[in-house]
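Open the structure in your viewer and set it to cartoon display. The tour below goes from one selection to the next and says what is there.

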Amino acid sequence: MAAVTIFGSAFLHSSTADPVAGGSLRRSSALRLLPSSSTRAWFFGTRGSRISCRTSAPAHSAISGSEESERKASSRALRYFFTCRSVCPIVDFLHISDFDKATILKIINQAAEVKALLKSGDRTFLPFKGKTMAMIFAKPSMRTRVSFETGFFLLGGHAIYLGPDDIQMGKREETRDVARVLSRYNDVIMARVFAHQVMTPIYRKCTVAILSQIVYVGDGNNIVHSWLLLASVVPFHFVCACPKGFEPDEKTVDKARNAGISKIEITNDPKEAVRGADVVYADVWASMGQKEEAAYRKQKFQGFQIDEALMEIAGPQAYFMHCLPAERGIEVTDGVIEAPNSIVFPQAENRMHAQNAIMLHLFGL
């Protein structure tokens with residue numbers, strides 16, 4: 001079995017045995033990870049497996065012709081990559097809301113345990129020893145590459161980087177051939193392609209059980225959608241404060257509200273939104289594919305910058321989070337990022353431990 005991650009969404013697939021390959025395939029499942037700017041990632045099993053892929057463009061996006069054609073080509077290629085057929089039944093997990101609360105907490109708790117073990121200096125836990133991971137990057141990403149490669153290495157595995165010039169799915173070689181070859185060489189395939197980037201909300205000792213009120217201030221983008229999907233499974237109070245016309249997808253909001261698990265609020269008043277927040281969360285105002293809108297969005301988002309005054313309204317208990325990279329002086333001030341209650345860099349570190357936990361779950365470890 002091979003598992004793939006394409007950053008933005010994550011898939012972990014499950015299957016049993018592959019009589020053709022003559023081996024036993026371990027169980028895995030699929031999960032949408034924490035959202036970041038505009039790239040998508042998946043974890044999925046490929047050897048003798050079928051993976052479903054959903055694509056969606058960010059709201060209010062403007063993509064150049066060349067970027068759009070490249071994104072569509074990548075999407076078409078991935079559609080085949082994720083529909084490899086097997087003689088065995090497969091279980092697909094397409095979004096974080098496809099995991100139940102117990103599974104989400106199990107993965108996050110395991111991430112905290114593995115992090116503590118690594119921090120202690122213990123290097124005897126090597127569950128990925130003898131396993132390899134192919135990392136496909138249609139778009140470069142420092143955090144995605146380093147966190148996956150380092151995390152997999154620390155748990156005994158070996159990661160292989162395949163950049164844009166090394167592999168061009170659906171262009172230099174047919175995707176079906178790439179899928180078949182890589183899945184027979186590797187235990188895990190990680191890929192970062194065009195779409196929304198994802199990340200796992202891990203903070204404060206890596207457990208969501210303690211979360212109370214999360215306030216997101218900015219564009220109602222894919223990060224907001226992932227928070228909403230999480231809120232449909234794990235109970236907490238989620239507030240999204242965004243300018244008029246930049247609200248999150250109505251269907252995703254309705255899904256979270258109809259689940260009846262969390263309190264969901266969408267507002268256009270950031271000052272009122274942050275009062276009493278446990279976490280104030282931000283992202284860039286113009287994601288990948290939206291840079292030509294940067295000046296327009298900067299005008300529309302006036303009053304939504306997270307500065308020291310807004311954090312003071314939130315209160316001394318409020319932490320600040322950002323999935324990075326941040327545009328200091330735009331959506332957040334330098335002072336907020338560097339403040340003692342900013343946890344953006346522990347958050348960046350925790351993605352590695354969260355990814356490790358997901359891969360451990362994929363292998364049933």
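Begin with a definition: angles under 35 degrees count as roughly parallel, over 145 as roughly antiparallel, 65 to 115 as roughly perpendicular, and the rest as oblique. Keep in mind throughout that this is a predicted model.

**Stop 1: α2 and α11**

Select residues 101-119, which form helix α2, and residues 344-362, which form helix α11. The axes of α2 and α11 are 8 Å apart, and the two helices pack at an angle of about 120°. They are therefore oblique to each other. The crossing of α2 and α11 is right-handed.

Now show the side chains where the two helices meet. On the α2 side, select T103, K106, I107, Q110, A111, V114, K115, L118 and K119. Their counterparts in α11 are E349, N350, H353, A354, A357, I358, L360 and H361. Colour the contact of α2 with α11 by class and you get eight nonpolar, five polar and four charged residues.

**Stop 2: α3 and α11**

Keep α11 on display and add helix α3, residues 142-154. How closely do the axes of α3 and α11 come, and at what angle do they cross? They come within 9 Å and cross at roughly 55°. α3 and α11 are therefore oblique to each other, and α3 passes α11 in a right-handed crossing.

In α3, the residues to select are R143, T144, S147, F148, T150, G151, F152 and L154. These meet R351, M352, Q355, N356 and M359 in α11. The contact of α3 with α11 divides into five nonpolar, six polar and two charged residues.

**Stop 3: the sheet**

Hide the helices and look for an open sheet of five strands. Read across, the order is β11-β10-β9-β12-β13, and the pairing is parallel. Which strands are at the edges? They are β11 (263-267) and β13 (319-322), each of which pairs on one side only. From one strand to the next, the twist averages 20°.

Zoom in on β9, residues 213-217, and β12, residues 279-282. This pair runs in the parallel sense, with three bridges. To find one of the partners, select I214 and then V279 in β12, its bridge partner.

**Stop 4: helices on the sheet**

Bring α11 back: this helix packs on the sheet, touching β12 and β13. The direction of α11 makes about 50° with that of β13. Last, select helix α5, residues 222-231, which lies across β9, β10 (237-241), β11 and β12. α5 runs at about 160° to β10.

Terms used: Residues are numbered from 1 along each chain as its sequence is written. This is a predicted model: local features need pLDDT of at least 70, side-chain atom pairs count only at pLDDT 80 or more; totals for chains, interfaces and linings use all residues. Side-chain values use heavy atoms; hydrogens and water are left out. Axes are lines fitted to C-alpha atoms, for helices over the stretch in contact, and angles run from 0 to 180 degrees between N-to-C directions. Helices (H or I, at least four residues) and strands (E, at least two) are DSSP runs, numbered from the N terminus. A crossing is left-handed if the near helix is turned anticlockwise from the far one by less than a right angle, and right-handed if clockwise. Contact means heavy atoms within 4.5 Å. Ala, Val, Leu, Ile, Met, Phe, Trp, Tyr, Cys and Pro count as nonpolar, Asp, Glu, Lys and Arg as charged, and the others, Gly among them, as polar. Two strands pair if DSSP finds at least two bridges between them.
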